[in-house]
Amino acid sequence: MPGSILEEVGHLLDGAVARNTLTRLSCPSCGSRHVAQVLGDNGGISYVCTACGHSWS
């Protein structure tokens, strides 16, 4: 078991890159890559930009 959350994230990212499934999102409003994935009202997936506050799904 990894000793820290950073080790775990590194391990997950390594696997995603190896499978070529790493997807980078950018905000359609400001172009920032500081995007968080959030659970929507009806169980859907939405995104919010932590730089400008724009949200979309």
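1. Helices (H or I, at least four residues) and strands (E, at least two) are DSSP runs, numbered from the N terminus. With that in hand, the elements of the protein chain read α-β-β-β from the N terminus on, that is, one helix and three strands.

2. A word on what you are looking at. This is a predicted model, in which local features need pLDDT of at least 70 and side-chain atom pairs count only at pLDDT 80 or more, while totals for chains, interfaces and linings use all residues. Residues are numbered from 1 along each chain as its sequence is written, and side-chain values use heavy atoms, with hydrogens and water left out.

3. How far to trust it? pLDDT is the predictor's confidence in each residue, from 0 to 100. The protein chain averages 78, and 68% of the residues score at least 70. Confidence is lowest in helix 1, with a mean of 63, and highest in strand 3, at 92. Where pLDDT is low, the predicted coordinates should not be read in detail.

4. Now the sheet. The three strands make an open sheet in the order 1-2-3, with antiparallel pairing; two strands pair if DSSP finds at least two bridges between them. Strand 1 (35-39) and strand 3 (55-56) are the edge strands, each pairing on one side only.

5. Take strands 1 and 2 next. Strand 1 and strand 2 pair in the antiparallel sense over five bridges. V35 has C49 of strand 2 as its bridge partner, and L39 stands opposite I45 in strand 2. The two strands form a hairpin with five residues between them, and G43 in the turn has a positive phi of about 85°.

6. On to strands 2 and 3. Strand 2 (residues 45-49) and strand 3 pair in the antiparallel sense over two bridges, and V48 has S55 of strand 3 as its bridge partner. This hairpin has five residues between its strands, with G53 in the turn at a positive phi of about 90°.

7. S46 is a handy residue to click on in strand 2. Is S46 buried or exposed? S46 counts as buried because its relative accessibility is 19%, and the cut-offs are under 20% relative accessible area for buried, over 50% for exposed and partly exposed in between (1.4 Å probe, protein chains only). S46 touches A36, Q37, V38, G40, W56 and S57, leaving out residues up to four places away in sequence; contact here means heavy atoms within 4.5 Å. S46 and W56 are ten residues apart in sequence, and their C-alpha atoms are 5.7 Å apart in space.

8. S32 is worth a look too, in the loop between helix 1 (5-19) and strand 1. S32 is buried, since its relative accessible area is 12%. Apart from neighbours within four places in sequence, S32 is in contact with L25, S26, C27, C49 and A51. The side chain of S32 also reaches the backbone nitrogen of H34 at 3.0 Å. That is a polar contact (a pair of N or O atoms within 3.5 Å; within protein, one must be able to donate a hydrogen and the other to accept it, and residues adjacent in sequence count only if both atoms are side-chain atoms).

9. Then the cysteines. How many disulfides does the structure hold? Zero, where a disulfide is a pair of cysteine sulfur atoms within 2.5 Å. For C27, the closest cysteine sulfur is in C52, at 3.8 Å, so the two are too far apart for a bond. For C49, the closest is in C30, at 3.7 Å, which is again too far for a bond. C27 counts as buried because its relative accessibility is 3%, and C49 is buried with a relative accessible area of 2%.

10. Finally, some totals. Buried residues make up 12% of the 57 residues in the protein chain. The protein chain exposes about 4,600 Å², with carbon and sulfur atoms supplying 53% of it; accessible areas come from the Shrake-Rupley method with a 1.4 Å probe, and for residues only the protein chains shown count as cover. Among contacts between residues at least 6 apart in sequence, 12% join residues at least 24 apart.
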